[in-house]
Amino acid sequence: MSIAISDEQVELAGSLRKRAASLGGIEAAREAEHDPGATFDEVWAAAEEMGIAAIAVPESAGGGGGTVLDQAVALEACAHELLPGGLLGAAIGSILTGRPGRYGVQVHPAGVVWDGGTAAEALLLDGGDVSPSAGLDLTARHAAATGVPGSAVDDRRRRVAVTLAAAESAGVARWCLETAVEYAKVREQFGKKIGSFQAIKHLCAEMLETVEAVTAAAWDAAACADGEDPAQWAFAADVAHLICFDGAVEVAKGCIQVLGGIGFTFEHDAHLYLRRAHSLRALVGPSDAAAERLTAAAVAGVRRRVDVDLGGRDEAIRPEVAATADAIAALPPEERRAALVETGFLTPHWPKPYGLAADPTLQIVIDQELARAGVDRPDLVIAGWALPTILAHGTEEQCARFVRPSLMGELVWCQLFSEPGSGSDLASLRTKAIRVEPATDPAGRAGWSISGQKVWTSVAERADWGICLARTDPDAPPHKGITYFLVDMRSPGIEVRPLREITGEALFNEVFLDAVFVPDENVVAAPGDGWRLARTTLANERVAMASARLTKSVERIVQIATERELGAVERNRIGHQVALATVCGLLGVRTTLRALAGHGPGAESSVAKLLGVRSRQDSSELALQLQGDGIAVLGELERDGDPVAADVWEALNTRCLSIAGGTTQILRNVAGERILGLPRS
Ligand SMILES: Cc1cc2nc3c(=O)[nH]c(=O)nc-3n(C[C@H](O)[C@H](O)[C@H](O)COP(=O)(O)OP(=O)(O)OC[C@H]3O[C@@H](n4cnc5c(N)ncnc54)[C@H](O)[C@@H]3O)c2cc1C
């Protein structure tokens, strides 16, 4: 997916890409390889006619009357086709001057004049003249500045430049990902498509993660440029600086790696994209200053605030939702949960009568109004995914019996899926369920007798019920013979043994099932449907009021930077973590906006977990490192104890994030196969 989210911008991006592809820009750049003075006038003339570089200039001044975000969408599309002719410099200059033109722009004192070789007018910081030259990027002609370096730093100029260059980097990165994936689908080695090799699949999945991060950061910087808060734009531009340019270079290198020898040829276009990516990174300058600024801003309390524009669709429903939220807030804390359940505000996306079958707008308005009124929703934990399965596939009796008491917190659930021999490969599970018929059962019961061992079962020690997968047909193929049971955890034959975790606490368990009887009424759907059920859930229909808030661990490292004098290297690392955590939040915001625009979740929601895990693990590890050798003498390890001990606890505990609920490797397999369409291993 590109920077564009709204229908108009998606359409703009699509038509510009097509038009840009028809202009033969790459061929022109190849022909001009040995011509340092090439100006690519034909391409420029076509671009000028379409007004591509003056989209954000007011119509009254001869521009397109669009936003900086529109301009970014256009530049991303043109960079995807690697259009030469100096569109970036022209677009930056047009925004800075408010007049359309073919500009070259000097962004940093003593720095190169961007697109100075193709420009009709140079916007210099240092005065003097420009000296055009060929360079690394064969599709551009930048220029050295001949003026005497001054010290003038123009923050607005730098921000416009970084914002639009970030959009170009998103287009470059997207082409590289698409090219690598297309090749991996068709190229065969060892008798197989190379995309079926996990090393290639995971490389492509990691490229996807990077591309989505680059796209989100570029989108946010451009959207902020249209806002009215310079501090927010400064923050977003620095996030883009840290994420987009290294990201595009990484993806371009990955593309060449996937292509193999053909990717190393001059003939293939991949190196032209790598050159553009390197060139953009060099032009914006080292990221150290951006990281330092970001850390300083975070220490000063700046966070990205992203307002989701509901386009007026909320106006009719908001007063009633607000009144309900206020009424809940006015209740004593112990009565609020019942009120949340009663009103459907606890799970508004669930079907009635347990939820409100709420559309995305209503869900977000409820989120917003509950937050405004200061009402926290209780975490449903495992019931949060057990109940949607019951709602979607269970009987009316099962819904009536389990859903409301679980929402009320009267029933606690655990998940009896993993086994000692079956973790990622859950379909290989060995726990057996044998049919019990009234005619042969001494007690005359009809149902199933379950025996086996489950492991890593969170909260089993206090759970009332468990969702359990067991094999009911040993002769069927592994995925077909599994059934989904609701198991009363107080049944005879169940033994729960706690397991100590990495932190020393015992939060998960082994569960032994020895001829545990489960009546027919506690089977969800039909016997043999278990695998399908385990994979489907209503949970992904939830639309959250996403924000770009920082995570707990990132807030923690910012707090450490607030309390203590840190070195440049440490502050730099904090800046990078602030950027990554902000981007993770932005991926959620983009998912929400897509839902509001009537689209299903895009790739960003799938990669959000992968990037979110990386962010939380890396930032908690950084907090640990910032504690220095204090961790060697910290005494008792308590999660809520002394700050050093709490940091250690968090760094150890976050290791589970890349294992529980699907390991990082399994999620990359899924991203590679289901999102990118690569062949199965
Ligand atoms: C804190 C925590 C809480 C948990 N709570 C529950 C719970 O309540 N209920 C429950 O049922 N389970 C629970 N689990 C279990 C969790 O779902 C499994 O740990 C997870 O699915 C991985 O299975 P495994 O541990 O057997 O590792 P394995 O599947 O054996 O994996 C070991 C390593 O091999 C890699 N690997 C495996 N297969 C592949 C492949 N095809 N390609 C590439 N790499 C592969 C994995 O990525 C991993 O790095 C919990 C786990 C943790 C850590």
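These legends describe close-up views of a predicted model.

**View 1. Domains 3 and 4 meet at an interface without salt bridges.**
The domain assignment splits the protein into domain 1 (7-153), domain 2 (318-373), domain 3 (386-540) and domain 4 (542-675). The centres of domain 3 and domain 4, taken over C-alpha atoms, are 32 Å apart. At their interface, 10 residues of domain 3 are in contact with 10 residues of domain 4. About 730 Å² is buried between the two domains, and carbon and sulfur atoms give 48% of that area. The count of salt bridges between domain 3 and domain 4 is zero. The count of residue pairs in polar contact, both at pLDDT 80 or more, is also zero.

**View 2. A UniProt feature covers residues 414-505.**
The unreviewed UniProt entry names this span "domain: Acyl-CoA oxidase/dehydrogenase middle". The span is 43% strand and 0% helix. Its end C-alpha atoms lie 18 Å apart.

**View 3. Asparagine 522 sits in a loop.**
The loop runs between β14 (508-519) and β15 (523-524). Asparagine 522 counts as buried because its relative accessibility is 4%. Its side chain makes a polar contact with the side chain of arginine 401, at 3.2 Å. Beyond its neighbours within four places in sequence, asparagine 522 is in contact with residues including Gln398, Phe402, Trp465 and Tyr484.

**View 4. Glutamate 209 forms a salt bridge with arginine 614.**
Glutamate 209 lies in helix α7 (residues 198-225). The closest N and O atoms of the pair are 3.0 Å apart. Arginine 614 belongs to helix α19 (residues 603-626), so the salt bridge ties together parts that are 405 residues apart in sequence. Glutamate 209 is buried, at 0% relative accessibility. Arginine 614 is partly exposed, at 33%. Leaving aside neighbours within four places in sequence, glutamate 209 is also in contact with Val607, Leu610, Leu611 and Arg668.

**View 5. Lysine 454 forms a salt bridge with glutamate 419.**
Lysine 454 is in strand β10 (residues 447-458), and glutamate 419 is in the loop between β8 (413-416) and β9 (432-436), 35 residues apart. The closest N and O atoms are 2.8 Å apart. Both residues are buried.

**View 6. Arginine 616 forms a salt bridge with glutamate 650.**
Arginine 616 lies in helix α19 and glutamate 650 in helix α20 (residues 643-653), so the pair ties together parts 34 residues apart in sequence. The closest N and O atoms are 4.0 Å apart. Arginine 616 is partly exposed, at 34% relative accessibility. Glutamate 650 is buried, at 9%.

Terms used: Residues are numbered from 1 along each chain as its sequence is written. This is a predicted model: local features need pLDDT of at least 70, side-chain atom pairs count only at pLDDT 80 or more; totals for chains, interfaces and linings use all residues. Side-chain values use heavy atoms; hydrogens and water are left out. UniProt positions are given in the numbering used here, feature names are shortened, and annotations may be inferred rather than shown by experiment. Helices (H or I, at least four residues) and strands (E, at least two) are DSSP runs, numbered from the N terminus. Buried means under 20% relative accessible area, exposed over 50%, partly exposed in between (1.4 Å probe, protein chains only). A polar contact is a pair of N or O atoms within 3.5 Å; within protein, one must be able to donate a hydrogen and the other to accept it, and residues adjacent in sequence count only if both atoms are side-chain atoms. Contact means heavy atoms within 4.5 Å. Domain bounds come from an automatic or database domain assignment. Buried area is the accessible area (1.4 Å probe) that two parts lose on being put together, summed over both. A salt bridge is a side-chain nitrogen of Lys or Arg within 4 Å of a carboxyl oxygen of Asp or Glu.
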